[in-house]
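Here is a short conversation between a first-year student and an author. Have the picture open while you read along.

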Number of protein chains: 2
Amino acid sequence: MHAFFNPSSVAIIGATEKASSLPGIILKNLLDMGFAGKIYPVNPKYKNVFGLECFASLLDISDEIALTVIAIPASFVLEIIKQQAQKGIQYSVIISAGFREMGAEGIQMEDEIRKVARESNIRIIGPNCLGVLDNYTNFTTSFLSWERITKPKKGVLSILSQSGAFAISVLDLAAQEGIGIAKMANYGNRMDVGESDLLAFLRDDVHTEVVAIYMESVDHGRRFIEAAKACSRKKPIVALKVGKGAAGIAAAKSHTGAIAGNYAIYKAAFLKAGIIEANGLEEFIDGIKVLSMQNPPEGNRILIVTNGGGFGVIVADYCTENGLEVVPPSPQLKEKLREKFAQFYVVNNPIDLTGSACDEDYRVALQTCMVESDEYDAAIIIPLMSPKGMSEKIVSIIDNTMKASGKPAVVCTVGGTFTMKVKQLLEERHYPVFPSPERSAKAMSMLLQRKVLQSH
Amino acid sequence: MHAFFNPSSVAIIGATEKASSLPGIILKNLLDMGFAGKIYPVNPKYKNVFGLECFASLLDISDEIALTVIAIPASFVLEIIKQQAQKGIQYSVIISAGFREMGAEGIQMEDEIRKVARESNIRIIGPNCLGVLDNYTNFTTSFLSWERITKPKKGVLSILSQSGAFAISVLDLAAQEGIGIAKMANYGNRMDVGESDLLAFLRDDVHTEVVAIYMESVDHGRRFIEAAKACSRKKPIVALKVGKGAAGIAAAKSHTGAIAGNYAIYKAAFLKAGIIEANGLEEFIDGIKVLSMQNPPEGNRILIVTNGGGFGVIVADYCTENGLEVVPPSPQLKEKLREKFAQFYVVNNPIDLTGSACDEDYRVALQTCMVESDEYDAAIIIPLMSPKGMSEKIVSIIDNTMKASGKPAVVCTVGGTFTMKVKQLLEERHYPVFPSPERSAKAMSMLLQRKVLQSH
């Protein structure tokens with residue numbers, strides 16, 4: 001699979017400088033990304049594309065080619081695969097749409113391509129996809145420009161997705177949420193390479209520490225479970241399964257030709273494979289975010305610290321709903337806190353520092369309960385930034401105390417520009433920030449779920 | 001209740017120019033807002049505060065006073081209420097904390113104040129609260145500055161909240177989400193005026209068209225149901241009940257001294273009163289947003305239009321989960337669409353315009369299915385903005401076609417700066433935009449729920 005993410009040489013079929021052409025956009029993106037491997041444009045119309053020598057056909061290239069990228073109309077793809085077989089090129093990303101998702105004729109075209117590929121040991125990602133992105137080798141086959149999508153920083157998350165639009169949105173959201181990306185693969189109709197092969201590959205990928213999967217259907221049920229089980233022993237996997245009800249199943253079929261199947265079977269398979277299942281796009285993003293940034297807690301005893309009492313109440317509700325225990329502090333711990341705080345602060349769990357709170361109160365609460373005491377396994381911290389006593393210092397206070405405690409924390413805060421700045425600073429230090437009480441509690445429960453899966 | 005939101009004259013007890021003093025900040029906020037009524041600072045230490053004549057005591061003011069604002073330490077409040085009784089001032093907002101939420105002594109102080117107030121027909125909002133905001137009269141008793149919270153524009157939503165931090169966060173979120181605000185009341189310990197009185201008042205308030213309530217507990221069960229029922233006949237009410245499980249109930253008690261009670265009883269009461277219940281902060285915001293911006297659909301047949309197939313699949317799933325029907329187009333309608341679209345577009349429900357979509361394709365889809373056909377009651381539109389064919393024109397396309405259809409729509413889109421700009425433009429035209437498939441489907445179902453409640 002390495003050749004898909006870091007090919008020593010790549011041929012771009014149909015390459016042109018035309019801004020309206022898919023192969024042209026793919027080539028331009030690749031050049032803009034600063035990919036270091038050799039690039040061979042292929043197009044009988046040109047001698048030269050973006051300053052690179054252009055070849056009339058694959059067969060005219062005398063050098064070895066590791067990978068082809070094919071984004072020409074569906075009916076011409078088979079011929080390219082035949083040339084590729086002749087030249088002994090073993091890997092191909094087929095971007096072109098117009099296959100299985102279009103019905104009988106498309107299925108037949110796929111079958112013919114598959115036959116040639118099997119005979120010649122050619123592995124294929126696609127068709128009907130964006131292909132791959134490797135954030136470390138700077139290789140990509142995506143035809144979407146980075147003008148409208150923010151490119152995420154380098155990081156530990158790799159994304160597998162049947163849907164291209166979904167994969168791109170996850171990249172965009174990852175950039176917004178401060179989540180770093182290692183690799184992305186979008187395989188669309190998945191005529192050959194799918195989740196199972198890619199999971200096996202990502203299990204041993206040095207850059208990947210968390211795997212996110214968007215699934216409409218699965219390539220091979222049993223192989224998938226085995227690959228996922230082996231991968232999840234080393235790295236958390238978060239999955240979003242779509243096509244659950246009748247309307248969604250029909251939509252998935254039109255989308256990638258996927259047979260979404262019985263959702264109950266997927267649920268059981270995820271459980272068996274140690275996969276953390278997300279309910280909806282936001283839970284998916286929240287899960288990969290918390291798992292990319294924090295380590296699982298040792299247990300489920302959660303401390304809630306806030307200067308917004310109402311938020312504390314809601315987080316407590318959703319902790320209970322998600323299997324997290326909001327245990328009150330012991331009389332001794334209460335006494336220690338009582339000595340340090342103003343009388344009207346609520347010394348309980350949640351600790352309510354009230355509208356009069358300042359940054360330093362958070363230091364006292366976290367130092368006393370998380371560092372000097374063993375009564376809690378993790379903290380949900382809810383610093384509302386509107387009172388004057390709250391400043392950017394909250395970032396280093398949370399970082400210093402939580403690091404000293406060796407325990408994980410998630411942050412919930414809500415607000416405008418100033419709050420967003422604090423969120424960004426916290427996420428740069430790997431404290432995930434969530435915009436609602438319910439999502440912060442759910443994210444903490446997903447972190448705990450990873451702990452439970454690890455200990456099985 | 002008018003005197004609470006638009007007092008002809010108001011006395012600020014303890015007024016000062018000191019930036020660290022609560023009464024000082026409240027006075028400054030009120031002056032900054034440009035409130036047109038008469039303001040009387042009261043403080044024996046000063047002759048003059050912010051250029052206004054300052055009085056040593058309430059009793060020294062010869063003019064009539066409609067309302068007092070009290071934000072001095074708890075133990076001094078009773079004396080002020082006694083003076084107020086003597087002068088015949090009928091309304092008071094008590095901001096001060098340190099009462100019921102602190103235990104026995106605080107409860108006793110509240111009881112003494114209540115006794116005097118009852119004998120003299122004084123109505124009280126508070127204590128332990130931020131009091132009120134009226135976005136039309138520019139009156140407020142809030143002690144939080146607008147430097148860190150964005151002030152929302154004038155609009156149709158009024159907010160009732162036991163929690164101050166929560167009320168402020170909702171204002172802040174409303175500003176971010178393009179939701180306009182009419183009134184806000186935060187009553188904290190709610191020793192007198194609560195939801196029931198305020199609902200009766202908002203029912204007839206000309207500026208209020210949607211009511212949002214954050215509840216830890218209720219003031220008077222039966223009165224609340226009656227007031228809510230009468231209000232919800234005219235205007236939708238969205239409620240967030242917190243303090244559901246044991247941990248949340250305990251937290252609510254520490255927070256506002258509220259007895260959160262049995263959640264099942266609340267659920268039944270909400271149903272009886274025609275209240276739409278939200279599960280969590282985001283659903284609360286989403287519900288008030290969709291109800292502030294769009295009219296309920298006539299039925300539950302939903303058209304999904306997207307250029308991101310995967311998003312269409314997820315929305316279809318969550319429509320099913322929320323009781324919305326994603327019915328396929330009739331053969332005739334399919335034929336009409338087929339004639340107008342490229343062959344690889346998926347002409348079904350969802351309509352998938354694929355990564356090749358441009359703005360105009362949305363016009364064709366919405367014009368054909370929503371304006372020229374009667375097969376759908378509402379649309380969920382998912383324009384992903386990354387393809388080059390997508391521009392800001394999508395805003396007027398959605399607006400023009402949906403207006404022509406007379407049917408409601410919600411929009412789902414995900415992305416960075418450019419997408420956020422499109423979101424803002426859409427929300428200025430009252431099309432609510434949600435950042436995930438699950439939330440857009442849920443919001444549409446809340447709009448439908450309003451229709452169902454209206455027809456009962």
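What follows is a set of questions and answers about this model.

Reader: Before we start, what kind of model is this, and how are residues and chains labelled?
Author: Residues are numbered from 1 along each chain as its sequence is written, while chains are lettered from A and ligands numbered from 1 in the order in which they are written. Local features need pLDDT of at least 70, side-chain atom pairs count only at pLDDT 80 or more, and totals for chains, interfaces and linings use all residues, for this is a predicted model.

Reader: Which turn lays chain B on chain A, and what axis does that give?
Author: Copies are superposed by least squares on the C-alpha atoms of residues with pLDDT of at least 70 in both. A turn of 180° with a shift of 0.0 Å along the axis lays chain B on chain A, with an RMSD of 0.0 Å. That relation is the one of a two-fold axis.

Reader: Which residue of chain B comes closest to the rotation axis?
Author: The distance is taken at the C-alpha, and it is 5.6 Å. The residue of chain B that comes closest is B:E282.

Reader: Which helix of chain B supplies the largest share of the side that touches chain A?
Author: Two residues are in contact if their C-beta atoms, placed from the backbone, lie within 7 Å, and the contact takes 63 residues from chain B and 63 residues from chain A. Helices (H or I, at least four residues) and strands (E, at least two) are DSSP runs, numbered from the N terminus. Helices α5, α8, α10, α11 and α16 of chain B each supply at least two residues of that side. The largest share, 11 residues, comes from α11(B).

Reader: How many nonpolar residues does the side of chain B that touches chain A have?
Author: Ala, Val, Leu, Ile, Met, Phe, Trp, Tyr, Cys and Pro count as nonpolar, Asp, Glu, Lys and Arg as charged, and the others, Gly among them, as polar. This side has 24 polar and nine charged residues. Its number of nonpolar residues is 30.

Reader: How do α8(A) and α11(B) run relative to each other?
Author: Axes are lines fitted to C-alpha atoms, for helices over the stretch in contact, and angles run from 0 to 180 degrees between N-to-C directions. Angles under 35 degrees count as roughly parallel, over 145 as roughly antiparallel, 65 to 115 as roughly perpendicular and the rest as oblique. The two axes come within 7 Å and cross at roughly 170°. That makes α8(A) and α11(B) roughly antiparallel.

Reader: Which residues of α14(B) meet α15(B)?
Author: The axes of these helices come within 9 Å and cross at roughly 30°, and α14(B) and α15(B) are therefore roughly parallel. The residues of their contact divide into six nonpolar, no polar and no charged. On the α15(B) side are B:V422, B:L425 and B:L426, and those they meet in α14(B) are B:I394, B:V395 and B:I398.

Reader: Which strands stand at the edges of the sheet β2-β1-β5-β6-β7 in chain B?
Author: Two strands pair if DSSP finds at least two bridges between them. This open sheet has five strands with parallel pairing, and the twist averages 20° from one strand to the next. Each edge strand has a single partner, so one side of it is left without a neighbour in the sheet; these strands are β2 and β7 of chain B.

Reader: What is the bridge partner of B:T68 in β6(B)?
Author: Strands β5 and β6 of chain B run parallel and are joined by four bridges. The bridge partner of B:T68 is B:S92.

Reader: Which strands of chain B does helix α3 lie across?
Author: Helix α3 of chain B covers residues 77–87 and runs at about 170° to β5(B). The strands of chain B that it lies across are β1, β5 and β6.

Reader: In chain A, which strands stand at the edges of the sheet β16-β15-β17-β18-β19?
Author: Here too five strands form an open sheet, and the pairing is parallel. Each edge strand has a single partner strand, so one side is left without a neighbour; the strands are β16 and β19 of chain A.

Reader: Where is the proline of the cis peptide bond from A:G126 to A:P127?
Author: Most peptide bonds are trans. The bond from A:G126 to A:P127 is cis, with omega near -5°. The place of A:P127 is the loop between β7 and β8 of chain A.
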